[in-house]
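Got your viewer open? Let's take a short walk, one selection at a time.

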Amino acid sequence: MTSASTSTSTVITNIATLVTNDPRLGDGSPLGLVRDAAVVIDGDRVAWTGESGRAPAADRRIDAGGRAVLPGFVDSHSHLVFAGDRTEEFNARMSGRAYSAGGIRTTVAATRAASDGELEANLTRYLAEALRQGTTTFETKSGYGLTVADEARALRIAARHTDEVTYLGAHIVSPDYAEDPAAYVALVTGEMLRACAPHARWIDVFCEKGAFDGDQARAILTAGRAAGLRPRVHANQLSHGPGVQLAVELDAASADHCTHLTDADVDALAHSGTVATLLPGAEFSTRAEWPDARRLLDAGATVALSTDCNPGSSFTSSVPFCIALAVRDMGMTPDEAVWSATAGGAAALRRDDVGRLAPGARADLIVLDAPSHVHLAYRPGVPLVDQVWRRGVREV
């Protein structure tokens, strides 16, 4: 263990249930549950996990008071660089109007009109909100500017707050190119890509009726890969389509939404490295059909849970809320939902340093005001997150 002169070590003891997400630890389940546990943090890393009575000495000792501890949530899909909201649209939809991709244009207009300072203030507001609810790692996208300058500034702003930044110039066809979608695809794969690639890790496309078809999506993702960006796909949200198959073909880190799947889609995901990221906040907020998580899990696919936080179709930053929805309406067990919101999210970002609490992992953890992680689904809507630690420092 590193000496106290270079870092301070902390042992958190009296943990009723510790979720490690390492099946080599604890009970051998995917969650790697350890009862009556302790965690030792050294600097920004986990140094040791195990039974409380065997914990090594540390500079500081903290009593968890019989609470549960689990990895910080990894929210691998959000849209947080925007201005305005769509309250009126939501109200109308809850009164009977169906959701379609076109509502994005409302946010595009508000985002273009906002200053850099307004966009960053909005972003940090929702990041603080998510942190209070246990999110310690997050991905976020551009996609509400749809001009070269607006997309690039969104990514510059996002990159000041996370490494997981996604270029989504292909959210919808820009209203400026409504009569010439091919010209917009050329912009997204040309000048806009060159301006945005230095600020992003990922490239995404909304492959859907009303947005981009399979050929357009392939061209956009292929161009992004050539520029050094890694693909992810908004796939099969509103209807059956080519998005999932394209994601697997291009070895995308994730296919996100996955609501309308054929047997071939499920099989492709199950036999690939592409994670199926499910976003139940969107179905809740649009009264759409729920994704069938049980079908994907039974087939052997890797599943992540994320918020899809955005002002139009899923205006929630709460991963615990999404866990409760997934258990109640998508066929997941509480254990599966918690794994998917932590280790599953990490897999969707192709990360192995977050989403788990095992030696060497980043010391990102949540202390619940409950004895078990199951309470996240058992007590929906209750603010159970008591403490949030990120990189070994308590932030909540």
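Here is a tour in three stops, and keep in mind that the model is predicted.

**Stop one: a strand with two partners**

Start by selecting residues 60-71, which form strand β4. Add strand β1 (residues 9-18), and you'll see the two pairing in the parallel sense over seven bridges. To find one spot along that pairing, click Thr17, whose bridge partner in β4 is Ala68.

Now bring in strand β14, residues 365-368. In which sense does β14 pair with β4, parallel or antiparallel? This pairing is antiparallel, and it runs over four bridges. Show Pro71 here, and you'll find it opposite Leu365 in β14.

**Stop two: a residue in a helix**

Next, select residues 148-159 to light up helix α4, then pick out Ala154 within it. Is Ala154 buried or exposed? Its relative accessible area is 8%, so it counts as buried, the cut-off being under 20%. Leaving aside residues up to four places away in sequence, Ala154 touches Val81 and Ser142. For a distance check, try Glu118: it is 36 residues from Ala154 along the chain, and their C-alpha atoms are 11 Å apart.

**Stop three: two helices side by side**

Finally, select helix α5 (residues 181-189) together with helix α7 (residues 214-226). Their axes lie 9 Å apart and make an angle of about 15°, so the two helices are roughly parallel. The crossing of α5 past α7 is right-handed.

Show side chains to see who meets whom: Pro181, Val185, Val188 and Thr189 come from α5, while α7 brings Gln216, Ala219, Ile220 and Ala223. By class, that contact has six nonpolar residues, two polar ones and no charged ones.

Note on methods. Residues are numbered from 1 along each chain as its sequence is written. This is a predicted model: local features need pLDDT of at least 70, side-chain atom pairs count only at pLDDT 80 or more; totals for chains, interfaces and linings use all residues. Side-chain values use heavy atoms; hydrogens and water are left out. Buried means under 20% relative accessible area, exposed over 50%, partly exposed in between (1.4 Å probe, protein chains only). Contact means heavy atoms within 4.5 Å. Axes are lines fitted to C-alpha atoms, for helices over the stretch in contact, and angles run from 0 to 180 degrees between N-to-C directions. Angles under 35 degrees count as roughly parallel, over 145 as roughly antiparallel, 65 to 115 as roughly perpendicular and the rest as oblique. A crossing is left-handed if the near helix is turned anticlockwise from the far one by less than a right angle, and right-handed if clockwise. Ala, Val, Leu, Ile, Met, Phe, Trp, Tyr, Cys and Pro count as nonpolar, Asp, Glu, Lys and Arg as charged, and the others, Gly among them, as polar. Two strands pair if DSSP finds at least two bridges between them.
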